[in-house]
Each structure stands twice: as C-alpha cells, then as structure tokens.
Amino acid sequence: MIDVDIELTVRDGARRFDLGVRFATEAPFAALYGPSGSGKSLTLQAIAGLLKPRAGHVRLDGRTLFDAARGIDLAPRERGVGYLFQHYALFPHLSVRQNIGFGLTTWRRRRLTPAQQARVDSLIERFGLSAMADSRPGVLSGGQQQRVALARALVREPSALLLDEPFAALNPMLRGALRRELAEVVRQARIPALMITHDIDDVLELADVAFVYQDGQVVRDVDLRKGESRDHARRALGDERPVESPMRQKLRHLLNDGPAAG
Ligand SMILES: Nc1ncnc2c1ncn2[C@@H]1O[C@H](COP(=O)(O)OP(=O)(O)OP(=O)(O)O)[C@@H](O)[C@H]1O
C-alpha cells in the first residue's frame, strides 16, 4: 500500500514549479503517467527521501516515511525503497558485481560480509549476469545494464521499487522483451512497484493502475484491471492518437515482441 500526499516547490532562477499530488493504491504495479515536466520525477524523489516536501505525508505498507505535521522524515537509506534511475546511473569504473553490491556498503565499511556477498551472488545468478559479473557496465547491452540496475535496486531487500522511466534508454526493439522481464522480476520480488513513464504502452503493458499527471497535479486515476478494452484505457489515459487498426497492431507486436500469439 502506497499513500502519497505532498506539496513542494522547486526553483531554478526565476522559474518555479509547484507540485501538489495526492494518490493512494494497493495495486502491485502503479504508474505515474504524464508529459515531460509534469512532476513525476519530483514525486519519486520525494518518496525516496531525496527531496523534502513542505507539507503532507508519504506512507508505505503502513510505515510513515515522511510526515510534515508530525516531524517525521526518514533518511533515504532508512526508507526501504529501491530506486531504478533513468538511464540506470551505473558506476562506469565498477564491475557488475561491485555495482550490485554498492548499496550494501558504507563509507566506513566497503567490504561486504559473507552473507551480503552471497546475496549479491544470488542476484547475479537470478538475473543471468554470471558471465559478465567482472565486466564493467560500458561493455553491456542496454538490456543487461537494466538487469544490473534492477539487481542493485533489489539488493537491500526493499519493500517497494521505484522505477524512473525504466525503458527510456532502450531501443524500441528491446522494450517489449524487457517489459515482460521487468513484470516477472517485480512479481517474483513480491513488492509493489511505482513506475514513471510518458509511454502509454508501458502503462498498458505493465500497470494495474495509472495516475495521470498534468502541470504538477494528478488529474485522473485509471484502473487498468477492469478488463475494459485497450482503446477504452487509452482514451481514459488521455491518449488522443487515432486508434490503431488490427493490422497495424499486429505489425507493431511482430516488430517489437516477436511473433504474436494466435
Ligand atoms: N532540482 C530542481 N530544481 C529546479 N527545478 C526542477 C528541479 N527538478 C525538476 N525541476 C523542474 O520541475 C518540473 C518537473 O520536473 P520533473 O522532473 O518532475 O518532470 P517529469 O514529469 O518527471 O518529466 P520527465 O518525464 O521529462 O522526466 C520541470 O519543469 C523541471 O524543470
């Protein structure tokens, strides 16, 4: 269960941006959907504790991470959330193994305990990264880099996963396959995920519920589990593009995802 109700303002010279959003859901996979610059990343940063709202609260599974009125503001490390950054933010000078283990180290203690090392190894195996565990991120494909970033986000056994445009760095050919992979990882980890995206197909393929952003506010929420048609969901999400013909849809699936079933 994630419950967010926050107000914050950021300034950049004479420019200011006001964010005032409120949403709550028990859905395992929620999306924050909206145009560029509408406040999605600021929301994720506030949930992770990287930005401090001036008012409101953030609750996760009944735990209060932030509450302005009660003076609660947990440090990012204490919040128990995994963060997958846009473009992954892997350390180029560290190996895959060191990147994954990084979240478990501190300034004072750089070496992992045997138990922590075992956890890193199990993630390396689970994500199919054994052959490249000692390689640096620069030599990996986009999909492999995403897996390293996901393993790093999960290494501290978080109670929620925050995903900032998880497919932004990938070419369209890879997106379909990696959406399925991400869905499987989130299902296996049994923790709720909150994903931000401005790609409507990410929402339609992955999310149970979507909160639609506009100018720093949530203007609509859309329940995608109702079993209504994709076209209906598209319209509810505010997608004005003309509806795709079945032939074009099939072509797009063939191009992105390989042969369609049936
Ligand atoms: N640290 C900051 N200081 C000042 N302004 C900021 C800061 N971070 C974001 N902004 C501004 O706040 C607004 C919302 O930014 P945000 O990154 O949340 O948008 P977004 O919906 O995530 O967009 P995108 O999909 O492009 O990532 C933008 O106008 C942005 O320029």
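Which residue in β4 does Val4 stand opposite? It's Val58, and that pair is a handy place to start looking around. Keep in mind throughout that this is a predicted model.

**View 1. The five-stranded sheet, strand by strand.**
Here we're looking at an open sheet of five strands, with antiparallel pairing and the order β2-β1-β4-β5-β6. At the edges you'll find β2 and β6 (72-73), each with a single partner strand, so one side of each is left without a neighbour in the sheet. If you follow the side chains along a strand, a general rule helps: in a regular strand they alternate between the two faces of the sheet.

**View 2. β1 and its partner β2.**
Strand β2 covers residues 15-25, and eleven bridges join β1 to β2, the two running antiparallel. Pick out Ile6 and look across to β2: its bridge partner there is Val21. Now move to the turn. The hairpin of β1 and β2 has just two residues between the strands, and in this hairpin Gly13 takes a positive phi near 65 degrees.

**View 3. β1 and its partner β4.**
Strand β4 (residues 55-60) also runs antiparallel to β1, and six bridges join the two. Val4 and Val58 are back in this view, standing opposite each other. Asp5 is here too, and the residue opposite Asp5 in β4 is His57.

**View 4. From β4 into β5.**
Carry on to strand β5, residues 63-67, which pairs with β4 in the antiparallel sense over four bridges. One facing pair to find is Arg59 with Thr64, the latter in β5. This hairpin has two residues between the strands, and Asp61 takes a positive phi near 50 degrees in it.

**View 5. The helix across the sheet and the ligand.**
Helix α1 lies across β1, β2 and β4, and runs at about 115 degrees to β1. Turn to the ligand and you'll count 13 residues around it, the closest being Phe17, Ser36, Lys40, Ser41 and Leu42. Two elements give two or more residues to this shell: β1 (2-12) and α1 (40-48). What mix of classes does the shell around the ligand have? There are seven polar residues, three nonpolar and three charged.

**View 6. Where the two domains touch.**
Step back a little and the chain divides into domain 1 (2-80 + 158-257) and domain 2 (95-157). The centres of the two domains, taken over C-alpha atoms, are separated by 25 Å. Nine residues from domain 1 and eight residues from domain 2 make up the contact. On the domain 1 side, helix α5 (residues 172-189) gives the most, with four residues. By class, that side has nine nonpolar residues, no polar ones and no charged ones.

**View 7. Leu84 and its surroundings.**
Leu84 belongs to strand β7 (residues 81-84). Is Leu84 buried or exposed? With 22 other C-beta atoms within 10 Å, Leu84 is buried, since 20 or more is what it takes to count that way. Setting aside neighbours within four places in sequence, Leu84 has contacts that include Ala149, Leu150, Leu161, Leu162 and Pro166. Ala153 is one of its contacts as well: Leu84 and Ala153 are 69 residues apart in sequence, yet 6.0 Å apart in space, C-alpha to C-alpha.

**View 8. Two glutamates with positive phi.**
A bit of background first: most residues other than glycine have a negative phi. Glu157 has a positive phi, near 50 degrees, and sits in the loop between α4 (142-154) and β8 (160-164). Glu157 is exposed, with 10 other C-beta atoms within 10 Å. Glu165 has a positive phi too, of about 45 degrees, and is found in the loop between β8 and α5. With 19 other C-beta atoms within 10 Å, Glu165 is partly exposed.

**View 9. Asp231 on helix α7.**
For the last stop, find Asp231 in helix α7 (residues 230-236). Asp231 is exposed, having 11 other C-beta atoms within 10 Å. Compare its position with that of Val120: the two are 111 residues apart in sequence and 42 Å apart in space, C-alpha to C-alpha.

Terms used:
Residues numbered from 1 in each chain as written. Predicted model: local features only at pLDDT ≥ 70, side-chain atom pairs only at ≥ 80, totals over all residues. Near = placed C-beta within 6 Å. Nonpolar A, V, L, I, M, F, W, Y, C, P; charged D, E, K, R; others polar. Pairing = 2+ DSSP bridges. Contact = placed C-beta atoms within 7 Å. Axes fitted to C-alpha atoms, helices over the stretch in contact; angles between N-to-C directions. Buried ≥ 20, exposed ≤ 12 C-beta atoms within 10 Å, placed from the backbone. Domains from an automatic or database assignment.
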